[in-house]
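Colleague: I have some time before the seminar. Can we go through this model together, piece by piece?

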Amino acid sequence: DGEVEHSRRRLTLTPASTIGPRPVRWAWDGRMATGSLTILAGREGVGKSTLAYWLVAQVTRGTLPGEHHGQPRAVLVVATEDSWAHTIVPRLMAAGADLDLIYRVEAVSVLGTHSAVSLPKDNEALLDAIDQTGAALVLLDPLMSRVAAGLDTHRDQEVRQALEPLVDIADQTGAVVCGLINFNKTGSSDPLNSIMASKAFTAVARTVNVVVKDTDDETGRRRLFATPKSNLGPDDLPLLAF
């Protein structure tokens with residue numbers, strides 16, 4: 001290894017020959033890789049949260065097909081839009097989750113006041129929380145609200161300031177970090193172009209999953225789940241319905 005110093009910063013040089021390749025492991029086969037950032041997107045009210053908390057329940061029961069099948073794991077949930085008592089806990093109960101393995105995550109100041117988790121400010125504390133609980137999944141509901149107020153979510157460079165350290169946390173811990181995000185109002189037929197704000201959200205995420213209404217369903221209740229982007233696995237995954 002070597003180092004190059006300049007203006008009080010230094011670059012660390014690591015030969016590629018010293019970095020061993022690692023296989024991709026899936027927390028949810030083909031849909032969400034361990035140690036990665038994934039996005040779950042869709043229009044408001046389409047059922048993203050229903051699917052997200054079903055996913056949380058499967059992780060806590062060890063029933064999700066993938067790396068942790070048969071091994072119930074903890075989940076960290078950072079949620080600010082819904083009431084835990086009125087909405088989130090009943091939703092988790094309906095999904096059959098093990099509530100003892102689910103942790104609500106809030107930031108607490110030195111004065112003891114509670115506030116929403118903000119990235120990248122709370123990255124180190126989030127890393128500690130994952131290590132403490134052994135969480136296999138971190139749910140950010142919604143992802144947009146986790147980006148620090150001083151960062152412009154429509155500017156790629158500023159979005160990356162929040163997301164790229166989050167990717168490092170996922171890689172260090174092996175946890176899946178899943179962020180919920182809404183579609184914009186453009187009406188684009190391309191789901192990746194439909195996701196609101198900066199394109200950095202979909203660029204940084206290794207997989208992007210979407211929930212849409214099934215237009216062929218006469219009841220209006222059926223939803224389709226698709227994975228239009230998967231940098232680490234197959235890009236021809238079948239649609240799932242619920």
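Colleague: Start with the helix. How many residues does α1 have, and how far does it reach?
Modeller: Bear in mind that this is a predicted model. Helix α1 covers residues 48-61, which is 14 residues. From its first C-alpha to its last it reaches 20 Å, close to the 20 Å expected at 1.5 Å a residue.

Colleague: Is α1 mostly covered or mostly open?
Modeller: Mostly covered, with 11 of its 14 residues buried. Among them are L51, Y53, L55 and V59. Some polar ones are on the buried list too, including K48, S49, Q58 and T60.

Colleague: What comes just after α1?
Modeller: G62, which takes a positive phi of about 70 degrees.

Colleague: Now the sheet. How many strands, and in what order?
Modeller: Eight strands form an open sheet, in the order β7-β6-β10-β11-β5-β12-β13-β14. The pairing is mixed. In general, strands of a sheet pair through backbone hydrogen bonds, either parallel or antiparallel.

Colleague: Which strands are at the edges?
Modeller: β7 (102-104) and β14 (240-241), each of which pairs on one side only.

Colleague: Take β5. Is it buried or exposed?
Modeller: Buried: six of the six residues of β5 fall in that class, so the strand is largely enclosed by the rest of the structure. L37, I39 and A41 point one way, T38, L40 and G42 point the other way, and all are buried.

Colleague: Why do they split like that?
Modeller: Because in a regular strand the side chains alternate between the two faces of the sheet.

Colleague: What does β5 pair with on the β11 side, and how?
Modeller: β5 and β11 (residues 176-182) pair in the parallel sense over six bridges. A41 of β5 stands opposite I181 in β11.

Colleague: And how many bridges go to β12?
Modeller: Five bridges join β5 (residues 37-42) to β12, and these strands run parallel. The partner of A41 in β12 is V210, and the partner of G42 is V211.

Colleague: How covered is β12 itself?
Modeller: Mostly covered: five of its seven residues are buried.

Colleague: Which way do β12 and β13 run against each other?
Modeller: Antiparallel, with six bridges between them. V211 of β12 has F225 as its bridge partner in β13.

Colleague: What about the last pair, β13 and β14?
Modeller: β13 and β14 also pair in the antiparallel sense, over two bridges. L224 stands opposite A241 in β14.

Colleague: You mentioned F225. Which aromatic residue does F225 pair with?
Modeller: The structure holds two aromatic pairs. In one of them W28 and F225 are stacked, 5.2 Å centre to centre with 10 degrees between the planes. W28 lies in strand β3 (residues 26-28) and F225 in strand β13, so the pair ties together parts that are 197 residues apart in sequence.

Colleague: Are W28 and F225 buried or exposed?
Modeller: Both W28 and F225 are buried. Together with W54 they form one aromatic cluster.

Colleague: New topic: charges. Where is D217?
Modeller: In the loop between β12 (207-213) and β13 (223-230).

Colleague: What is the nearest side chain of opposite charge to D217?
Modeller: R222, at 5.9 Å. A salt bridge would need a side-chain nitrogen of Lys or Arg within 4 Å of a carboxyl oxygen, so D217 is buried yet has no salt bridge.

Colleague: What does the side chain of D217 reach, then?
Modeller: The backbone nitrogen of R222, at 2.7 Å.

Colleague: Where does R222 sit, and how exposed is it?
Modeller: R222 is also in the loop between β12 and β13. At 41% relative accessibility, R222 counts as partly exposed. R222 and F242 are 20 residues apart in sequence and 5.9 Å apart in space, C-alpha to C-alpha.

Colleague: One more charged residue. Is K229 buried or exposed?
Modeller: K229 is in strand β13. Its relative accessible area is 11%, and buried means under 20%, so K229 is buried.

Colleague: How far is K229 from A203?
Modeller: Their C-alpha atoms are separated by 9.6 Å, and the two residues are 26 residues apart along the chain.

Key. Residues numbered from 1 in each chain as written. Predicted model: local features only at pLDDT ≥ 70, side-chain atom pairs only at ≥ 80, totals over all residues. Heavy atoms only, no water. Helix = DSSP H or I, 4+ residues; strand = E, 2+ residues; numbered from the N terminus. Expected span 1.5 Å × (residues − 1). Buried < 20%, exposed > 50% of the residue type's maximum accessible area, 1.4 Å probe, protein only. Lys, Arg positive; Asp, Glu negative; His and termini not counted. Polar contact = N/O pair within 3.5 Å; in protein donor to acceptor, adjacent residues only side chain to side chain. Phe/Tyr/Trp six-rings, centres within 6.5 Å; stacked < 30°, edge-to-face > 60°. Pairing = 2+ DSSP bridges.
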